[in-house]
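Student: I would like a close look at one part of this model. Please take me through it step by step.

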Amino acid sequence: TPLIRKTEPIPVALYGGRNAVTMLPGGGIGPELMGYVKEVFKYAGAPVDFEVVEIDEKSEDNDDLDYAITSIKRNGVAIKGNIETKSESANVTSRNVAIRNELDLYVNVLNCKSYPGVPARQSNIDVVIIRQNTEGEYAMLEHESVDGVVESMKVVTKSNSDRVARFAFEYAKKNGRKKITTIHKANIMKLSDGLFLETSKKIAKEYPEIEHNDMIIDNCCMQLVSNPHQFDVMIMTNLYGSIVSNVVCGVIGGAGLLSGKNYGDHYAIFEPGTRNTGTAIAGKNIANPIAMLNASVDMLRHLGHSQHAELIQRAINRTVSEDHIHTPDLGGSAKSTDVVSRIIDHIMQDTRHW
Ligand code: ATP
């Protein structure tokens, strides 16, 4: 019998005002970035205890994965690096996808806001990408029907399209956003993307105060590069979300800045926005620590530790936008540790009189 029972949430553990949070360092630069998060939390006095779960990338069984999922169910919240799947076997699928599916984290939110002082292709961008996070092209239903013919299923359901659209309109309402654009390819994928688009149009009618329009994914990619300020909140299916997130991160300043949030009804996972592993730059002290630190700030906010979140956020913003301590991905020459130690300096200055 399987260790994990899908439908039953495990009660969230709380230890005297502190939160236990699952930390999945993942591969590549994940472990070093998590080290920076722990260091910054120590100086900020953030009331969080990490339960670190390593997942063996080469393993063919799912014991580590089951343990990670149990831990997240117990804690309710996780911070995560990207987990690589190194097994060659077609039966071993992405652990990242498995975790999101098992926890039913049906929506991914990426706040794409420009950093003043960071060299970028476009400035003053403030777009929110809301992405269906568990189905679409990530259904992992692929098979070779006859020799040389592979079929891959894209699954779109009314219930998930409904949940994502509703999440987006509620998000817009709560955060004072004015417009939502549904991104799709319903001219070609008439049934699947058609359902996603029609569902968002239907939900939009319940929110007359928020403008709603739609755009084909290919045009959307062009507009994001040439005229991104027309966008406010965008909703889309899983694969488009992955691509569009990377386009916007590229336009704003690369993979090292933005964080992404994964939500379901019971659990939340925080991670760098582009979900890169960064294998080639691991261990060189050049990875940009900002994306993972922003993920840790998102996590603190989610847990209700807004004072600690603000403290760290302020220190990050000063380091990046005022002191211009930039790693090579932003055109600078600072080491990862230079960035982290400047952030800690700011934190110590702000907490001197506490
Ligand atoms: P791989 O599995 O080979 O690592 P990937 O698909 O995860 O591939 P990456 O190559 O990891 O993608 O990342 C894409 C690009 O973004 C790379 O050039 C990588 O160096 C860069 N990158 C990702 N994260 C960071 C970061 N935190 N700081 C600086 N550069 C980063």
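Student: Where is asparagine 124 found? Please start there, and then show me how the helices pack.

Tutor: Keep in mind that this is a predicted model. Asparagine 124 is found in the loop between β5 and β6, and β6 covers residues 126–132. Look at its backbone. Phi of asparagine 124 is near 55°, which is a positive value in a residue other than glycine. Most residues other than glycine have a negative phi. Now count neighbours. Asparagine 124 has 10 other C-beta atoms within 10 Å, so this residue is exposed. The cut-off for exposed is 12 or fewer.

A second residue makes a good partner for this one. Aspartate 104 also has a positive phi, near 55°, and is not a glycine. Its place is in the loop between α3 and β5, where β5 covers residues 107–113. Aspartate 104 has 18 C-beta neighbours inside 10 Å, so it counts as partly exposed. A buried residue would need 20 or more.

From that loop, step back into α3. Helix α3 spans residues 95–102, and helix α2 spans residues 63–75. Their axes come within 11 Å and cross at roughly 40°. The two helices are therefore oblique to each other. The crossing of α2 past α3 is right-handed. On the α2 side, the contact uses Leu65, Ala68 and Ile69. On the α3 side, Arg95, Ala98, Ile99 and Glu102 meet them. By class, this contact has 5 nonpolar residues, no polar ones and 2 charged ones.

Next, go to α10, at residues 336–351. Two of its packing partners are worth tracing. Take α9 to begin with, at residues 306–322. The axes of α9 and α10 lie 8 Å apart, at an angle of about 125°. That angle makes α9 oblique to α10. The crossing is right-handed. From α9 come Leu311, Ile312, Arg314, Ala315, Ile316, Arg318 and Thr319. They meet Val339, Arg342, Ile343, His346, Ile347 and Asp350 in α10. The classes here are 7 nonpolar, 2 polar and 4 charged.

Now take α1, at residues 30–44. The axes of α1 and α10 come within 9 Å and cross at roughly 15°. That makes α1 roughly parallel to α10. The cut-off for roughly parallel is an angle under 35 degrees. This crossing, too, is right-handed. From α1, the residues in contact are Glu32, Tyr36, Glu39, Val40, Tyr43 and Ala44. From α10, they are Ser336, Val340, Ile343, Ile344, Ile347 and Met348. They divide into 9 nonpolar, 1 polar and 2 charged. Look for Ile343 and Ile347: these residues of α10 meet α9, and they also meet α1.

Finally, place these parts in the whole chain. The chain has 10 helices and 13 strands. Its C-alpha atoms fill a box of roughly 60 × 50 × 40 Å along the principal axes. A compact globule of 354 residues would have a radius of gyration near 20 Å, and the chain has 20 Å, so the two agree. Buried residues make up 44% of the chain. Then consider contacts between residues at least 6 apart in sequence: 76% of them join residues at least 24 apart.

Key
Residues are numbered from 1 along each chain as its sequence is written. This is a predicted model: local features need pLDDT of at least 70, side-chain atom pairs count only at pLDDT 80 or more; totals for chains, interfaces and linings use all residues. Axes are lines fitted to C-alpha atoms, for helices over the stretch in contact, and angles run from 0 to 180 degrees between N-to-C directions. Helices (H or I, at least four residues) and strands (E, at least two) are DSSP runs, numbered from the N terminus. Angles under 35 degrees count as roughly parallel, over 145 as roughly antiparallel, 65 to 115 as roughly perpendicular and the rest as oblique. A crossing is left-handed if the near helix is turned anticlockwise from the far one by less than a right angle, and right-handed if clockwise. Two residues are in contact if their C-beta atoms, placed from the backbone, lie within 7 Å. Ala, Val, Leu, Ile, Met, Phe, Trp, Tyr, Cys and Pro count as nonpolar, Asp, Glu, Lys and Arg as charged, and the others, Gly among them, as polar. The radius of gyration is taken over C-alpha atoms; the globule rule is 2.2 Å times the number of residues to the power 0.38.
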